[in-house]
Amino acid sequence: MAKEPARILVVGGGYVGMYTALRLQRKLRRGEATVIVIDPEPYMTYQPFLPEAAAGSISPRHVVVPLRRTLDKCQVVIGEVKSIDHAKRAAAIKTLATHEEGTGAVQIHYDELILAPGSVSRTLPVPGLAEYGIGFKTVEEAIGLRNHVLEQMDIASSTRDPAVRDAALTFVFVGGGYAGVEALAELEDMARYAARYYHNLEPEDLRFVLVEATGRILPEVGEEMGRYALRELRGRNIDVRLDTRLDSCTDRVAVLSDGSRFPTRTLVWTAGVKAHPVLAATDLPLNSHGRLKCTAALAVDGVEHAWGAGDAAAVPDLTSDAPDVVCAPNAQHAVRQAKVLAQNVLASLRGKPLKDYRHKYVGSVASLGLHKGVAHIYGRKIKGYPAWFMHRAYHLSRIPTFNRKARVLAEWTLTGLFKREIVSLGSLENPRAEFELAADTGRHPEAS
């Protein structure tokens, strides 16, 4: 009797999930296994390009990779995993259909489980944060923030109230890591450029504040390059507050631990990430930070037929001399782990030995806005235009599919030839508002 194909369930369509499924669909033999990929979104977001999408250098649809087109030999299910019972090899899934039908979660059974749900924003119980904070982990948040910044400039340009104007032109970013610094730098670049098109705004009128709880920014690029980035930002009149925390932001007033108060209509929260909550709804072993305990072979420690990688997994760093060090939750490790993970799942199916993941962290690159950047790669420290160019070249090589590489490169070329786009499309966030108004009043808002 022919052997039934194994069912491989991939939870998450991000770096690890998509790259692992992509490699599996290329390497699996006919009838060997069925790969099922589950993610709440029908696309993978290439997060390093979110700051450039927010600044208008890249179209938002080009920083995402459609899962169905890329994983054409896999089953892609758009839904959310609510819980996993690995002892029974079953996952409870909620989809758009179950929501419409009003039914509970459906059960999907599997033989091999790959857990790669990634991470979510780590928030703190700061008063007012839930009401007024803006995240920066998704393409929707990035484009929403771009629209919001331009709308604040419109408000400042048209108001006669100095308090409203000052609050509209004050932008507070919390978190001095990659996401916070790159988002702030790109948006500050874009906003000060846009100011030239307002008759009553000057670039100097805009106030950008970066709040960081530790004593340095961009720890990933090393101490020396971090200090250079700090000087670069402060040289652009960005107010960087180190060793400072956000105490509250109620009533649209950001109160810092150093006693400063900033009335602001824009508070961007990028102060770290935490393990995805779905991990707590499994019967798999987790470490103290809520991440999966994994072996160097990317198998869940002490559990058969379960695998993990990326932000969701605590994978031993075999290149470190210190004990109990795990790989940092970043894209560099995630993409490389996905390759090893796919190889090990195939090896497990075929009864072959597994391979340990070993990759020495080669360094980091960070953009500080158009033509500005810092990098620390293979021990070499690079800054300014060369670092910015290296940042673009590296991430262009990393974004999956030739289609996306070509589109991003074309947009960069056009952006270099023509002026920046400074259009706000805030109405995209509520597209039915105008129709609802017309239906309710019978009159178009612009009609005379």
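Modeller: Buried means under 20% relative accessible area, exposed means over 50%, and partly exposed lies in between. Keep that in hand. This is a predicted model.

Colleague: Is tyrosine 385 buried, exposed or partly exposed, and why?

Modeller: Tyrosine 385 has a relative accessible area of 46%, so it is partly exposed. Now take tryptophan 388. Its relative accessible area is 6%, so tryptophan 388 is buried.

Colleague: How many aromatic pairs does the whole structure hold?

Modeller: Rings pair if their centres lie within 6.5 Å. A search of the whole structure finds seven aromatic pairs. One of them joins tyrosine 385 and tryptophan 388, with ring centres 5.3 Å apart.

Colleague: Is that pair stacked, edge-to-face or tilted?

Modeller: Planes under 30 degrees apart count as stacked, over 60 as edge-to-face, and the rest as tilted. Here the planes are at 45°, so the pair is tilted.

Colleague: Where do the two residues sit along the chain?

Modeller: Both are in helix α11, residues 385–398. They are three residues apart, so about one helical turn separates them.

Colleague: Which residues form an aromatic cluster?

Modeller: Tyr15, Tyr46, Phe49 and Trp412 form one.

Colleague: How many disulfides are there?

Modeller: A disulfide needs two cysteine sulfur atoms within 2.5 Å. The structure holds zero disulfides.

Colleague: Why does cysteine 294 form no bond with cysteine 327?

Modeller: The sulfur of cysteine 327 is the closest cysteine sulfur to that of cysteine 294, but the distance is 10 Å, too far for a bond.

Colleague: Are these cysteines buried or exposed?

Modeller: Cysteine 294 has 8% relative accessibility, so it counts as buried. Cysteine 327, at 2%, counts as buried too.

Methods: Residues numbered from 1 in each chain as written. Predicted model: local features only at pLDDT ≥ 70, side-chain atom pairs only at ≥ 80, totals over all residues. Heavy atoms only, no water. Buried < 20%, exposed > 50% of the residue type's maximum accessible area, 1.4 Å probe, protein only. Phe/Tyr/Trp six-rings, centres within 6.5 Å; stacked < 30°, edge-to-face > 60°. Helix = DSSP H or I, 4+ residues; strand = E, 2+ residues; numbered from the N terminus.
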